[in-house]
Amino acid sequence: MTGIDEALQLYPELAVLLGLSLWTFWSLTGAAGRQEWLFGVLNWPEHSDALWIADRHEALAVRLLVDSPDRRGGVVWRYSGTLAATVEALRSLPAPGEPGAPHRVVQAGPFWPSLDLR
């Protein structure tokens, strides 16, 4: 696991995320043992926000609706682009249940990106 301080050292752009202290970050390594992605997640009661960062030019953010006994979860929102644009899109996303927050599943779960965002 990568701490918030370590994540901020790698990508100071993350500082604008609301509730940053509630995020958990991990370094994802490739076959050679080299860090290839920084992955972060913020859990809400029925949703999770996830952020994959390859570098400052390539990032992906999603909001996931968690499965429950009476509904199938999946992706309700997705954005990919530069790190700055992706963090801004995530920062601007209304909290679950707030007006304007996405709630319809647009891609059924489970979700894990191919990590090929191009």
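Here are a few exercises on this structure, each with a worked solution.

We're working with a predicted model, where local features need pLDDT of at least 70, side-chain atom pairs count only at pLDDT 80 or more, and totals for chains, interfaces and linings use all residues. Residues are numbered from 1 along each chain as its sequence is written, and side-chain values use heavy atoms, with hydrogens and water left out.

**Exercise 1. Lay out the sheet**

Work out in which order the six strands sit in the sheet, and which strands are at its edges.

*Solution.*
Step 1: start with the ground rules. Strands (E, at least two residues) and helices (H or I, at least four) are DSSP runs, numbered from the N terminus. Two strands pair if DSSP finds at least two bridges between them.
Step 2: read off the order. The sheet is open and runs β1-β2-β3-β4-β5-β6, with antiparallel pairing.
Step 3: find the edges. β1 (24-29) and β6 (107-108) each pair on one side only.

**Exercise 2. Zoom in on β3**

Find out how β3 is tied to β2 and β4, and how many of its residues are buried.

*Solution.*
Step 1: take the β2 side. β2 and β3 pair in the antiparallel sense over six bridges, and a hairpin of three residues connects them. One pair to look up is Leu 38, whose bridge partner in β3 is Ile 53.
Step 2: go to the β4 side. Eight bridges join β3 to β4, again running antiparallel, and the hairpin here goes through two residues. Across this pairing, Asp 49 stands opposite Arg 63, while His 47 has Leu 65 as its bridge partner.
Step 3: check burial, where buried means under 20% relative accessible area, exposed over 50%, and partly exposed in between (1.4 Å probe, protein chains only). Eight of the nine residues of β3 are buried, leaving the strand mostly covered.

**Exercise 3. Three strand residues**

For Arg 63, His 47 and Leu 28, decide whether each is buried or partly exposed, and look at what surrounds it.

*Solution.*
Step 1: Arg 63 lies in β4 (residues 58-65). Its relative accessible area is 1%, so it counts as buried. A polar atom of its side chain lies 2.6 Å from the backbone oxygen of Pro 94.
Step 2: His 47 lies in β3. At a relative accessible area of 10%, His 47 is buried too. Contact means heavy atoms within 4.5 Å; not counting residues up to four places away in sequence, His 47 touches Leu 42, Arg 63, Leu 64, Leu 65, Val 66, Val 76 and Pro 96.
Step 3: Leu 28 lies in β1. With 22% relative accessible area, Leu 28 is partly exposed. Beyond its neighbours within four places in sequence, its contacts include Trp 37, Phe 39, Trp 52 and Trp 112.

**Exercise 4. Which face of α2 is covered?**

Show how the buried residues of α2 are arranged around the helix, and what covers them.

*Solution.*
Step 1: list them. In α2 (residues 83-92), the buried residues are Leu 83, Thr 86, Val 87, Ala 89 and Leu 90.
Step 2: look down the axis. These residues fall within an arc of 160°, so they line one face of the helix; the arc is that of the directions from the helix axis to the C-beta atoms. As background, an α-helix has 3.6 residues a turn, so residues three or four places apart point the same way.
Step 3: find the cover. It includes β3 (47-55), β4 and β5 (74-81).
Step 4: add the geometry. α2 lies across β3, β4 and β5, running at about 145° to β5. Axes are lines fitted to C-alpha atoms, for helices over the stretch in contact, and angles run from 0 to 180 degrees between N-to-C directions.

**Exercise 5. Map the cores**

Identify the residues that touch the most other members of the largest nonpolar core, and the element with the largest share of it.

*Solution.*
Step 1: define the thing. A nonpolar core is a set of buried Ala, Val, Leu, Ile, Met, Phe, Trp, Tyr and Cys residues joined through side-chain atoms within 4.5 Å.
Step 2: pick the hubs. Of the 21 residues, Leu 14, Leu 17, Trp 23, Leu 51 and Leu 90 touch the most other members.
Step 3: trace the contributors. β2 (35-43), β3, β4, β5 and α2 give two or more residues to this core, and α2 has the largest share, four residues.
Step 4: look for another core. Apart from this one lies a core of eleven residues, among them Trp 52, Leu 64, Val 75 and Phe 111.

Definitions and conventions. A polar contact is a pair of N or O atoms within 3.5 Å; within protein, one must be able to donate a hydrogen and the other to accept it, and residues adjacent in sequence count only if both atoms are side-chain atoms.
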